[in-house]
Amino acid sequence: MKLEFKKVLASWLPMLRVFKRFLPFVKEEKRRLTLATICMVFGTATTLATPLPIALVFDGVLFRKRATGLSEVVKEIDHVQGTPTALAMLCAAYLGILALDALFDYLRAVLAATAAQRIVYKIRRATFENLLRQPVGFFQAQRGGDLLLRLTGDIAMLRDLLVPSVLEAAQQAAVLVGMILVILCIAPKLALVAVGVIPLLTLAFVRGSKKLSEVSREQRKREGKLAAWAAEAFHAIGIVQVFNREEDVAEQFSSSNRKSLKAGVEATRVEARIGRAVDILTGVGTCGVLIWGAFEVRALRLSAGDLLVIMTYLRQVYKPLRTLGKVSARTAKAATCGERVLEVLSLESPIRDAADARPVNSLHGNISFENVVVSHGRGQRALDGVSVEIRAGERVAIVGPSGAGKSTFLTLVPRLMDPTSGVVRVDGLDVRSLRLRDLREQVAFAMQEPGLLGETLRENVAFGRLGASGDEVAMAARRAGVDLIARTRPEGLDAPVSERGASLSGGERQRVALARVALRNAPIVLLDEPFSALDPQRQAALEEALAPLLEGRTALVVTHRLERLSQYDRVLVVSEGRIVGDGPPQEVSRTCALLRAMLAAQGVESRHDVNPLEVEAL
């Protein structure tokens, strides 16, 4: 028995941990919850009072007997006993009690639901904000569909655990205790029979909850994988269709769907077994009380009205137990969802402000890397001991083979990631010592993936700087050629953009990303393959339009197009995480074998001193 108790307690610990962790969110709604609790108390009282007028009709009006347990109440209406007035009074009292019970139940439900929705809103916002603080690498390692399920479905199910289920369980427990006390006052022996099955009922749904928690955890895990698979399939729909893989992808989805179905059916079976056990045990208890009560009435030790009250209460006593069983099942599922939400909410981003982070209002743009190493899993190094200094106002092209570490180089400046070792400085200050928000305000970044939102062209450009005026947004759009896109659409700059910018071409998406950079007006400009989707003529025109924007700013531009290197002040050649060439374009193209090979491979210039093996290696 002691071992069983420990198992039961262990099954409830995750639920208690989840509730404790989210308690601060619950406390913020204490005013509504207090009012809901008051309504619950009054509702409990009206529930307890509901069968009393009916009992008085039987004992005071129909049979004109004074029930042993209700004799004092019968005396109060003695002067109208047996008259239509008494019946009318008792019916009115019954309707009045039902009306009050309905009113208190309505108020409790509305207040509890409102508090629950507000709590869910705050938890979802806190979870989403915490996700936004995670480094880029976190999202590359996670499956987006599963994160979305945690952010939406799991948090919604968590709502049951935090408010409605707690209040409902508290009310049912109060009703249960109150009714047992009333039955004890009327017929103590029958009360003992009635409560005899309660320990068995409690054990049944508590043990069932343990099993339900296990299968619910597996079900949510399966559903998370299912959502992730669907999201990935939709994202890669073009590849799926062009390779005629619709049937294969559908079959893989069906396989995951079947596993989710099996887990869901198992959860339903466990929940049904709990309900079946509760129904059987409550039926046994009801029969026992009815048989004993009938003998008590025949022996004139109990009136028919008293037995009616007891049977009514008994039905109500067992109803809370059934409800508690359902609540237990819901909270078991909600606790599982809560654990999944907590996994996200408890994440701590390695990229965060130091305790003594200093604010910074403006930067000149001097950037230095001091023996910087960036390691990815299993010892792979994206950057390997990079040391370089870039002066404010320099325009630097970063070139090299794919996978050499060029994009990683850029992401270290605004702290999208931190180096494994070494220091990145801006204006002589370790970027980790600066307030993160202030540092990023000084950086404009156009990434390889433009990251467009499902909004309008105007809103996507305005994303570059909060509070920018309409004229500033329009000017940035003109500089990057977004106005050319707008002219082809009836809505102009207010034309909608589909999710991820799928309604735009690759070049158009890059123009929007560059317009954000133009609007940002930051002293440090980072461009990662900004012209890769543009033809050379449009690239040249766009570069000329953006030239005034880069004037006087520190610009780091990752590019594979080498025909226009002469427009940069400096070239960094990166290979296998190391800088193998650094200097003015003409000098580096003469002294760096890798750059010479890359130039030759692109036909930028014909040189007889290029090693064919170097070209072939590219």
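A residue is called buried when its relative accessible area is under 20%, exposed when this area is over 50%, and partly exposed in between. In the predicted model described here, Cys91 has a relative accessible area of 40%, and it is therefore classed as partly exposed. Cys39, by contrast, has a relative accessible area of 10%; because this value is under 20%, Cys39 is buried. A disulfide requires a pair of cysteine sulfur atoms within 2.5 Å, and by this rule the count of disulfides is zero.

A nonpolar patch was found on the surface, with an area of about 430 Å². The residues that make this patch are Leu100, Leu103, Tyr106, Leu107 and Val110. One of them, Tyr106, is placed in helix 5, which comprises residues 84-132. The relative accessible area of Tyr106 is 53%, and since the limit for this class is over 50%, Tyr106 is described as exposed.

The surroundings of Ser387 were also examined. Ser387 belongs to strand 2, formed by residues 381-390. In sequence, Ser387 is separated from Val372 by 15 residues, while in space the distance between their C-alpha atoms is 6.5 Å. When neighbours within four places in sequence are set aside, Ser387 is in contact with Phe369, Glu370 and Asn371. For Asn371, an approach at the level of individual groups can also be given: the side chain of Ser387 reaches the backbone nitrogen of Asn371 at 2.7 Å.

Methods
Residues numbered from 1 in each chain as written. Predicted model: local features only at pLDDT ≥ 70, side-chain atom pairs only at ≥ 80, totals over all residues. Heavy atoms only, no water. Buried < 20%, exposed > 50% of the residue type's maximum accessible area, 1.4 Å probe, protein only. Patch = residues over 30% accessible without salt bridge, like charges linked within 9 Å, V, L, I, M, F, W, Y side chains within 5 Å. Areas by Shrake-Rupley, 256 points an atom, 1.4 Å probe, with all protein chains shown as cover. Salt bridge = Lys/Arg side-chain N within 4 Å of Asp/Glu carboxyl O. Helix = DSSP H or I, 4+ residues; strand = E, 2+ residues; numbered from the N terminus. Contact = heavy atoms within 4.5 Å. Polar contact = N/O pair within 3.5 Å; in protein donor to acceptor, adjacent residues only side chain to side chain.
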